[in-house]
Amino acid sequence: MTKADRRRDWLIIAAFALVSIGLGLGALRLKLDASVAAMLPDSSTVAELQREVSDVFGADGIMVALVEGDIYTPRAVGALRQLSSALAKIPGVTAVTSAGNAQRMLDDDGFLVIEDLLPATPTAADLAAARDYLETSPLYRGGLLVALDGKAANVVMEVSGDVDSSALSSAIRMTLDRDWQGEGLGAVHLVGGPLIDGEMRATLAREMPLLGGVAALLILVMLYLNFRTVRGALLPLMTVLVGLLWSLGVMGWLGAELSTLSVIAPVAILAVGSSFSLHLLGRFFQELSHGKDKHQAIATARKETGLGVLISGLAIAAALSTFSLSGMPTVRALGLLTAGGVLGTLIAALVLLPAVLGLLRAPRRVVDPEQPGMIAGFLEAVARFADRRRYAILGAAGVLLALAVVGTTRIVPNTAVIDYFNANSPLRKDYAVVEDAFGGSSQVQVLVTGDLSEPATLQSMLAFQERVATIEGVGPTTSIATVLRAIHYTLTGVDGLPTTREEIAQELLLYQLSGDPKQVSQYLTLDSQLGLVDIATKSESTAIMRSIVNDIEAAGAATLGQHATLGYTGSTLLQLDIEDSLMHDFVISLSLAIVLVVIIDSFVRSFRAALVTILALLLTIALQYGVLGFLGIPLDLSTMLLGALAIGVGDYAIHLTVRYMEERRSGRQPEAAMNQALHSSGRSILFTALTLGAGFLAMVFSQFVPVRTLGSLMAFTVLSVGTASLTLLPAACLVFLRNPRGSAPAPAVRGTN
Amino acid sequence: MTDPRRPTRRLVTTLFLALLLGGAVSAQRYTTAAEITAAMDAMPNPSTTVATLRMTITAASGHSLTRTMQIWTADEGRSQLIKFLEPADVRGSGFLSVEQASGESETMIYLPALGRVRRVAGGQEQDAFFGSDFSYEEISSLSGDFGDDFTTTLLEVQPGPVYVMEGTAAAGSTSSYDRIVYQVPEATLIPRRVEFYRAGELIKVLTISGTVTVGDYTLPSIIRMETVATGSFTTIDQSDFTLDGDIPADVFTERFLQR
């Protein structure tokens, strides 16, 4: 090695160090947004309507606490009053409704009395009267505030979307623990959007380094098993570290935010990125074992294997970058992060790794992938099998493809956020308890535009609510019609709505004199031209939620829709919107990823070679989704991204094609060329599959169900791609790619099976 | 149960008395908060008032509701009648508040659509006045008379001169606010801006942006109250004053309320 070569290598290392430090500092600026809102598509009409509802009627979302205990006792009532008051003081809580602060209207011998439902120190008679009111008033009946058996109470909190969800959830939980559970009154259960946001953020902050660490460890083990040297294990990780730093740093400097899906990124970059170095190092060691000196080995590895690595890296980055076309910020962030990380790792593998190898002393002992041994024996058997059973392999692949297509038709989408969490997690258990008592914790909000001072419109609003209440999965519904019905009942004893415009206006005027104006303003604008119907729904799978929403919309069209224009929004619809957007992204990114990978793979100087290579990938992707269908795993936030991710990650099959074409160009006949390619590249492909599989397997330690599922399926996918690369791809090459460009003419196919 | 006859509704009366405070004030400079407060207290009150009020409540979203009312007050605000003129669906509705000898007010409302007079239970001092941004408590402070609830100090004198006063909650204060800051122009001695604070946070801002002179009285004509947190505000525009006129005694009766 000349002095100039050594200086060049040191300069490269110094340049990488400087750039990595500079960009890496940007990673410190990264922000975390794990909220459900961060998943919302940019141009969502549902989200736009939600903002309008929030602007006009106040609340951004609700949280519900269910407190267990014997509610109709003076002690519990006192605690409930104290709890409601304390909760109302928490920053971000805009309103609290519970039996502890609810009011009742009474027509007391000509007086319209609006008073606290429960006094601070209630007598037995007060408690009995309150119970009777809660069970009969149109505002509260049906166990809205206190369970019919008196053994639990609901505390409904309206919360602002402008506050830190983790801090808000913590403050609410602390207050509940202190003022109820801590008083020995009973258990508490809390549900609501901010709680989910907070849980997701905490999990994300915990898991990103944890999963990355586990993946790195597993990858280190696989790399060591492959190369049997410490440098063979550490150098690939060095290149990945560079890619990660660059990618996270650029995002930080650009002011981008990490989201729930970002948890996948470090693992994906680690797994994919380490495969680049794995191939280069494999060739480097192979050339050393064949007697070449260090610099010749580096040059050959860079020249021959570097092409496959470059193409595979570009294809992976291109496939991952298709996510950046998504309408959802969270998917875009994942696309930028992973594509950037892969590109950074690719550059480090092609530039930094040779420089480091050039400065390090050549290892004393190297593994020759072609030397006889267990793996070589296995690859020999594989090559023989692929040669002799090429048509049987292609036929079996066809049968598997058909089966996979059948499985794909059985896939059910479900992107419900609640299903991110384990079925036995405390959060899911709390949801089950609260939804059972309250009827639902998700919301459908119906924005009603029309003349709401018109009795017929209000009558149809009530009819709409009554019809909606019969839908399975729907809980309590409230609107200005509910409030007016309660006022009218109090004033006239008639369980219905006022029948003239004057009655409506004047009963509301009377209420404004004595009651809380917010009770009206949260459902009706001052000019009576806009109204809101709140419908609680259970947090079910998105398929069930879609069915509930369809039923609600049908009920709306048949009743209230005859008198006013209806717009639907709320947390339930937002989740469906996210799902629709993901489905769109899924189709776009998968199609685009396939096209891009074919185009980039054709840089190996043969479009046909690219098509043959991607055949193995397509089969495994079909198998992935077939498995989803047969195992009943839903198509969710993560599994929708699986296809494009797998297209990119699985493109290491190109290394076999590249090597096969290299052997064909050197004059070997197809069968001999494939045999040689399998012997030399097979080991790297095998260990790439094992390394990638081990890396993705780290995701099974995640608390998020979709991330866990993604990890298992990606591990399955890379192992499938490995199997297909060693069986289907050789068979396909021997049938469809006998004479790639630049190769010696091949004799006619010899059918040996 | 809350006493339905509690005198909270008297504050409605106080509002309109406060609005009517005024008088020909010659330019002079006060040097202490006590002097300014005394001067404000010394302003003459009309014995009776008849006026038209236009109250517009505007939510942060821009949706608004305007109601026009006619108001009669007598006995230094102890008797008060409000009749709604607009919008059409509340026309004829009325609100009567008469202070009894015991000091408690009897408050009743007449709603034509319901066909009978109803007595109305008292709310809290902090309750919204007819669903507006004004609470009864704030209405009572329009005159700058913060009663025994606040200890006032003179913060500064701005060009005009305009006195900037600060009131801090006195011991035993029943106010929901612990601090108020108000500006009083020497020319009118009617506060032109009042800021209401609770725990250091600005809760509401009251602005009097127009005055009108009727006879010997200078009266606020445009009053605005904004709730800072919600962004909603209410504007009261008063006009067509008849001051110190004869108001028949039967105006402040249940029978007239229903007429």
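This tour visits one helix in chain A and then three strands in chain B of a predicted model.

**Helix 15 of chain A**

Begin by selecting residues 480–492 of chain A, which form helix 15. The distance from the first C-alpha of these 13 residues to the last is 18 Å, close to the 18 Å expected at 1.5 Å a residue. Next, display the surroundings: helix 15 of chain A is largely enclosed by the rest of the structure, because 11 of its 13 residues are buried. Among them are the charged-name positions to pick out by label, A:Arg485 and A:His488, together with A:Ile480, A:Val483, A:Leu484, A:Ile487 and A:Leu491.

Now move to the two ends. At the start of the helix, select A:Ser479, where a side-chain oxygen comes within 3.0 Å of the backbone nitrogen of A:Ala481. Just after the helix, select A:Gly493, whose phi is positive at about 80°.

**Strands 3, 4 and 5 of chain B**

Turn to chain B and select residues 94–99, strand 4, in which five of the six residues are buried. Add residues 79–86, which make up strand 3; this strand runs antiparallel to strand 4 of chain B and is joined to it by five bridges. Then add residues 105–111, strand 5, which pairs with strand 4 of chain B in the antiparallel sense through six bridges.

Centre the view on B:Ser97 in strand 4. Opposite this serine stands B:Gln80, and its bridge partner in strand 5 of chain B is B:Thr107.

Finish at the hairpin of strands 4 and 5 of chain B, where five residues lie between the strands. Select B:Gly103 there to find a positive phi near 100°.

Methods
Residues numbered from 1 in each chain as written. Chains lettered and ligands numbered in written order. Predicted model: local features only at pLDDT ≥ 70, side-chain atom pairs only at ≥ 80, totals over all residues. Heavy atoms only, no water. Buried < 20%, exposed > 50% of the residue type's maximum accessible area, 1.4 Å probe, protein only. Helix = DSSP H or I, 4+ residues; strand = E, 2+ residues; numbered from the N terminus. Pairing = 2+ DSSP bridges. Expected span 1.5 Å × (residues − 1). Polar contact = N/O pair within 3.5 Å; in protein donor to acceptor, adjacent residues only side chain to side chain.
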